[in-house]
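Please work through the following exercises with the sequence and the structure open beside you, and try each task before you read its solution.

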Amino acid sequence: MSNTRPSWGGRLAARWSRAEPTLTRLFLAGVFVVGLVAQFVKPVGDALADKVYLGGALVTVVGYVLYAEVQRLNGRLDSQMQRLHSGRIVTPRELESEFQEALEGRDVRLAAMAFTGETLAVPLKNFLQDLGENRQRKVSIRVLVPDFSRQIEVPGFAGEDGKISDSPAFRAELRRKITDYERSLKEQRGRMAVANKGTLTVEFRVLHMSPSLKLYFINDRVYEGIYDKIDLRPEPWTTGGPAQPGSAPVDGRLLDLIGYDSLLTRWSPDGGAHDRMMIRRRQEFFETLWNAARELAPTNRLPAQPDAT
């Protein structure tokens, strides 16, 4: 435990802060009493009649007290508003609106760590197409997604015994989706250049990981959430078919993660020290994973689905 004692100035300030409300009330009560006496006691009233400077001084003191109180209330209100906006919860729709608003700027940095990049690529494609002319605009988009070229259990195939295993066909479909989202964004580079809307850079990287955390970055703001729903549905590529030559048909379901409509926590630099700390930590987290990731490779063709007949 620290033995450091408060300084003399600190003790004096603390005592004054405790005594000030009482002294202020006593002073104002005294002014009220003197004014009341002067109204009914003629000698006192005559004595104060010509004291213009004294009256002005009293008005000044009262004004100062009121001003100090207003400042104190404003300080409390600012503190409450700061706490209110710290870690503000936003919906995916609000996130899209902030994407659109940010794109009207001159230097726009967007990044995401997501499942396939759909929640970023789909709205951004439309927003980029609707931008007005601005040759000085620079938009950077980085997207980090799981490496579905490698075996993974979540998302995967859930057997009747509840055990989860890899689903190569579903991974191939996810890879195809990611490649489509990447291509849809990269197609906007030439369109923006021809229409004098600015320059656009797009990069997708993959890292071997299960999708769980959602992270979005709009310049210096951070949005985070999780894929908080599990979807179990038939897997058309293996259900009812043999797992291996000579084995019995496989019965099970596809275990998928859903988080498109999940709420996000928004951290903003103007939200206070806690928000800035969270932003710094999330940025370091993302940059570490980004540097460890590799470039997105061309997708393999999705295996043909078995004939329904």
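## Exercise 1: the nonpolar core

Task: Find the residues that Phe-99 touches, leaving out residues up to four places away in sequence, and then place Phe-99 in the core around it.

Solution. The model is a predicted one, and in it Phe-99 touches Leu-110, Thr-119, Leu-120, Leu-124, Phe-127, Tyr-216 and Ile-218. As a next step, look at the largest nonpolar core, which has 40 residues, and in which Phe-99, Leu-103, Leu-124 and Ile-141 have the most contacts. Several elements supply at least two residues each to this core, among them the helices α4 (92-102) and α5 (118-129) and the strands β2 (107-113) and β7 (213-218). The element that gives the most is α6, with 6 residues. Finally, a second, separate core of 14 residues can be found, and it includes Ala-111, Phe-217, Trp-267 and Ile-279.

## Exercise 2: an aromatic pair

Task: Describe the geometry of the pair formed by Phe-99 and Tyr-216, and decide whether Phe-99 is buried or exposed.

Solution. A pair of aromatic rings is described by the distance of the centres and the angle of the planes. The structure holds 5 aromatic pairs. For Phe-99 and Tyr-216 the centres are 6.3 Å apart and the angle between the planes is 75°, and the pair is edge-to-face. Phe-99 belongs to helix α4 and Tyr-216 to strand β7, so that the pair links distant parts of the chain, 117 residues apart. Phe-99 is buried, with a relative accessible area of 0%, and Tyr-216 is buried as well, at 1%.

## Exercise 3: three salt bridges

Task: Compare where the partners lie in the salt bridges Glu-98 with Arg-221, Asp-220 with Arg-109, and Lys-186 with Glu-182.

Solution. Side chains of opposite charge can pair when their charged atoms come close. A search of the whole structure finds 15 salt bridges. In one of them, the side chains of Glu-98 and Arg-221 meet at 3.2 Å, N to O. Because Glu-98 lies in helix α4 and Arg-221 in strand β8 (residues 221-226), this pair ties together parts that are 123 residues apart in sequence. Both Glu-98 and Arg-221 are buried, and together with Arg-266 they are linked in a network of salt bridges.

The next bridge joins Asp-220 and Arg-109 at 3.0 Å, N to O. Asp-220 sits in the loop between β7 and β8 and Arg-109 in strand β2, so the parts tied together are 111 residues apart in sequence. Asp-220 is partly exposed, with a relative accessible area of 40%, and Arg-109 is also partly exposed, at 37%.

The bridge of Lys-186 and Glu-182, at 3.2 Å, N to O, lies within helix α6, where the two residues are 4 residues apart, about one turn of the helix. Lys-186 counts as partly exposed at 26% relative accessibility, whereas Glu-182 counts as buried at 13%.

## Exercise 4: the two sides of a helix

Task: Show how the buried residues are arranged around helix α7.

Solution. Helix α7 (residues 273-292) has 20 residues and reaches 29 Å from its first C-alpha to its last, close to the 28 Å expected. Its buried residues are Asp-275, Met-278, Ile-279, Arg-282, Phe-286, Leu-289 and Trp-290. Seen down the axis of α7, these residues fall within an arc of 105°, so they line one face of the helix. The face turned away from this buried side carries the exposed residues Ala-273, Thr-288, Asn-291 and Ala-292.

Methods. Residues numbered from 1 in each chain as written. Predicted model: local features only at pLDDT ≥ 70, side-chain atom pairs only at ≥ 80, totals over all residues. Heavy atoms only, no water. Core = buried A, V, L, I, M, F, W, Y, C linked by side-chain atoms within 4.5 Å. Buried < 20%, exposed > 50% of the residue type's maximum accessible area, 1.4 Å probe, protein only. Contact = heavy atoms within 4.5 Å. Salt bridge = Lys/Arg side-chain N within 4 Å of Asp/Glu carboxyl O. Expected span 1.5 Å × (residues − 1). Arc of directions from axis to C-beta. Phe/Tyr/Trp six-rings, centres within 6.5 Å; stacked < 30°, edge-to-face > 60°.
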